[in-house]
Amino acid sequence: MKKMTVQHLTTAAVVGAAYAVLSLFGSVFGVTFGTVQCRFSEALCVLPFFFPETVWGLFAGCLITNLLSPYGLVDIVVGSLATLLAAFLTSKCGKKWLAPLPPVVCNGLLVGGMLAWEQVGFTGAFGVAFLANGASVAAGEALACYGLGALLLWRLPRMAFFKNRMRRE
């Protein structure tokens with residue numbers, strides 16, 4: 001992306017706000033934070049495939065959400081950077097079916113590692129805790145990104161409003 005326009009900034013801001021609202025809505029049901037998590041908002045992490053400007057909006061939305069995290073500063077930093085990295089990698093994906101993969105992998109590894117560290121520190125049990133937490137987080141991400149996110153990947157190119165705004169189809 002060469003130049004950020006007002007339209008790009010607005011798109012990023014709307015996506016960031018939507019991410020935060022959907023995450024906070026999910027916290028009512030207890031699925032936003034914790035070992036078993038499936039943030040509805042993570043479906044939006046496929047948007048950088050079509051709209052690279054949404055990378056920063058997703059980061060900001062995740063940062064706002066993680067300010068309320070029970071894991072404190074470590075989740076604010078690690079969780080938000082995991083979303084930033086995943087969104088950036090999604091914007092570089094060459095194939096539409098690969099777009100949901102970076103959020104699944106990044107969050108599974110980084111958030112899974114953070115949760116394991118929170119639970120057992122760097123003791124001998126870290127490996128087992130990391131595998132369990134990483135698998136759990138990745139499964140929730142896969143559900144959000146390959147389930148709900150795939151709907152976005154499939155439907156957005158068919159909507160006239162978005163067709164002219166997309167980087168690719």
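Me: How many cavities of 30 Å³ or more does a search of the whole structure find?

Reply: This is a predicted model, in which local features need pLDDT of at least 70 and side-chain atom pairs count only at pLDDT 80 or more, while totals for chains, interfaces and linings use all residues. Residues are numbered from 1 along each chain as its sequence is written, and side-chain values use heavy atoms, leaving out hydrogens and water. A cavity is a set of points, on a 1 Å grid over the protein atoms alone, where a 1.4 Å probe fits but cannot get out. For cavities of 30 Å³ or more, the search of the whole structure finds 1.

Me: Which helix supplies the largest share of the lining of the largest cavity?

Reply: The largest cavity has a volume of about 100 Å³, and the closest to its centre of its 18 lining residues (an atom within 4 Å of a point) are Q37, R39, D75, N107 and V111. Three helices (DSSP runs of H or I, at least four residues), namely α2, α3 and α4, each supply at least two lining residues. The largest share, 4 residues, comes from α4.

Me: How far does helix α3 reach from its first C-alpha to its last?

Reply: Helix α3 covers residues 73-91, which makes 19 residues. At 1.5 Å times one less than the number of residues, the expected span is 27 Å, and the computed reach is close to that value, at 27 Å.

Me: Is S91 buried or exposed?

Reply: S91 is found in helix α3, where D75, I76 and G79 are among the other buried residues. What covers the buried residues of α3 includes α1 (6-28), α2 (54-66) and α4 (101-120). The backbone oxygen of F88 lies 2.6 Å from a polar atom of the S91 side chain. Because its relative accessible area is 6%, below the 20% limit for buried (exposed is over 50%, partly exposed in between, with a 1.4 Å probe and protein chains only), S91 is buried.

Me: Which helix gives the most to the largest nonpolar core?

Reply: A nonpolar core joins buried Ala, Val, Leu, Ile, Met, Phe, Trp, Tyr and Cys residues through side-chain atoms within 4.5 Å. The largest has 20 residues, with F50 and L58 making the most contacts inside it. Helices α1, α2 and α3 each supply at least two of its residues, and the most, 4 residues, comes from α2.

Me: What does Q119 count as, by relative accessibility?

Reply: Q119 lies in helix α4, and its C-alpha is 26 Å from that of F25, which is 94 residues away in sequence. Because its relative accessibility is 44%, Q119 counts as partly exposed.

Technical notes: Contact = heavy atoms within 4.5 Å. Polar contact = N/O pair within 3.5 Å; in protein donor to acceptor, adjacent residues only side chain to side chain. 1 Å grid on protein atoms, 1.4 Å probe; cavity = no way out; pocket = protein on both sides within 12 Å on 5 of 7 lines; lining within 4 Å. Points joined across faces, edges and corners; volume = space filled by probe spheres on them.
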